[in-house]
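Subject: Structure for you to look at

Hello,

Here is the structure I said I would pass on. My notes on it follow below; please read them with the model open.

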Amino acid sequence: MKFSRVEPTYTTKDGCRLVWQGIDEDDTDTIILNKKELDAIIEILQKDSTGTIELEDQMSTILINSDTIQFNLKDHKSLEAQTFEFQKKILEYAKIPHDPQYLYISPKEFYPSVWIRKDQEAMEFKEKKNVSLLQTILSANSQTTENSDLFKIMSSRRSTRKFHKIKVEDWKIDKILAAADTAPTAGNFQGFEVFYIKNPKTKEALVEAANKQPYVNAPIVLVFCMDPSRIQLKFPPSILEKFSLQDATLAAAYSQFAASGVGLSSIWIGMFDEEMVKSILGTKLRPSSILCIGYPDKKRPPKSRRKLKDLIRIIE
């Protein structure tokens with residue numbers, strides 16, 4: 001595994017993603033740094049100094065030495081980078097402003113925070129560990145989730161049509177977006193794209209496009225669109241279109257479960273004018289669903305369902 005590049009993060013122009021590349025194209029490891037963490041690394045490297053950075057899971061560290069930078073992570077082989085190469089790429093990255101990029105998230109990612117020790121203390125640290133992204137989605141980490149059991153999430157989830165105006169934390173949004181990326185897709189080509197809507201006017205326009213359903217103007221609005229051009233399989237266009245619809249639907253479902261897992265509520269919107277939505281988003285991609293997420297104004301129990309014996313038909 002070799003250190004490869006520095007990339008922008010998902011939902012903010014600050015911070016960065018550190019990417020390691022393996023032999024295979026899909027074999028990557030990624031560390032996400034926020035602004036504070038990135039600034040701390042830059043401070044050390046600009047001074048050609050050494051230091052220890054403790055990650056947010058409080059069980060993993062980055063040890064900066066003069067020749068190599070060591071990333072000590074739990075349940076995973078150690079990652080390393082040559083200090084000169086790492087320093088060059090980080091400092092070049094820091095020179096120019098960056099916009100959020102909607103990029104591939106590896107399931108091995110984790111969310112770090114920084115603490116710098118004095119030079120003489122650099123070697124005095126405990127064994128550190130990391131938590132995988134999938135673990136952080138489904139279980140409590142340093143930021144506690146209300147539900148950690150998948151079946152509890154499934155049984156307690158309920159659609160919400162009125163959201164509280166409380167701002168949703170960035171780390172929860174990151175997990176929701178990451179969940180979409182982990183969804184199974186046809187041939188693993190991920191034939192979909194997610195539009196994360198932050199602009200208030202765009203949300204208002206989507207309300208009109210979605211049959212004037214007011215709850216579309218939610219704290220978090222994700223529009224899942226089909227992109228069959230990504231699916232490089234030798235099938236007729238109609239089949240690729242079907243695959244793409246399934247990909248986008250599964251991704252939205254994974255995000256919906258992740259939202260419930262971090263204590264949020266949601267509503268799935270399937271009624272909308274497709275051409276209006278495409279025009280609003282400025283895309284030619286066909287929208288499959290709109291997922292609206294936020295804190296519910298009031299917690300309600302799930303609605304009753306039909307009996308399982310009436311749902312399942314057994315063919316022997």
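L233 is found in the loop that runs between strand 9 and helix 7 (237–261). In this predicted model, L233 is partly exposed, with a relative accessible area of 28%. Not counting residues up to four places away in sequence, L233 touches A186, G187, F189, L240 and F243. For one of these, G187, the C-alpha atom is separated from that of L233 by 7.5 Å, with the two positions 46 residues apart along the chain.

Strand 9 itself holds C225. The relative accessibility of C225 is 0%, so C225 counts as buried. Leaving aside neighbours within four places in sequence, its contacts include G191, F192, E193 and F195. Others in the list are A248, L281, L285, R286, P287 and S288. The C-alpha atoms of C225 and F195 are 7.7 Å apart, and the two residues are 30 apart along the chain.

K175 may be worth a look as well. This lysine is found in helix 5 (residues 170–182). With a relative accessibility of 2%, K175 counts as buried. Its C-alpha atom is separated by 6.9 Å from that of A258, a residue 83 places away along the chain.

Next, S265. It lies in strand 10 (residues 265–269) and counts as buried, at 7% relative accessibility. What does the side chain of S265 reach at 3.1 Å? The partner is the backbone oxygen of R158. The side chain of S265 is also joined to the side chain of T160 by a polar contact of 2.3 Å. Both R158 and T160 are among the residues in contact with S265 when neighbours within four places in sequence are left aside. The rest of that list is S159, F163, C292, I293, G294 and P296.

On helix packing, I have one pair to report. Two packed helices are described by the angle between their axes and the distance between the axes. Helix 6 (residues 200–209) and helix 8 (residues 274–281) have axes that come within 9 Å and cross at roughly 170°. The two helices are therefore roughly antiparallel to each other. From helix 6, the contact is made by T202, A205, L206, E208 and A209; from helix 8, by M276, V277 and I280. How do the residues of this contact divide into nonpolar, polar and charged? Six are nonpolar, one is polar and one is charged.

Two backbone angles should be checked. Most residues other than glycine have a negative phi, and most peptide bonds are trans. D48 is not a glycine, yet its phi is positive, at about 50°. D48 is placed in the loop between helix 1 (35–46) and strand 4 (51–54). At 62% relative accessibility, D48 counts as exposed. The other case is N211, also a residue other than glycine, with a positive phi near 60°. N211 lies in the loop between helix 6 and strand 9 (220–226).

Now the chain as a whole. The secondary structure comes to nine helices and eleven strands. Of the 316 residues of the chain, 47% count as buried. Among contacts in the chain with a separation of 6 or more, 67% are between residues 24 or more positions apart.

Last, confidence. The average pLDDT of the chain is 79, and 77% of the residues score at least 70. Where is the pLDDT below 50? This is the case over residues 101–147. Beyond near neighbours in sequence, that stretch has 147 contacts in the model.

Regards

Definitions and conventions: Residues numbered from 1 in each chain as written. Predicted model: local features only at pLDDT ≥ 70, side-chain atom pairs only at ≥ 80, totals over all residues. Heavy atoms only, no water. Axes fitted to C-alpha atoms, helices over the stretch in contact; angles between N-to-C directions. Helix = DSSP H or I, 4+ residues; strand = E, 2+ residues; numbered from the N terminus. Parallel < 35°, antiparallel > 145°, perpendicular 65-115°, else oblique. Contact = heavy atoms within 4.5 Å. Nonpolar A, V, L, I, M, F, W, Y, C, P; charged D, E, K, R; others polar. pLDDT = per-residue confidence, 0-100. Buried < 20%, exposed > 50% of the residue type's maximum accessible area, 1.4 Å probe, protein only. Polar contact = N/O pair within 3.5 Å; in protein donor to acceptor, adjacent residues only side chain to side chain.
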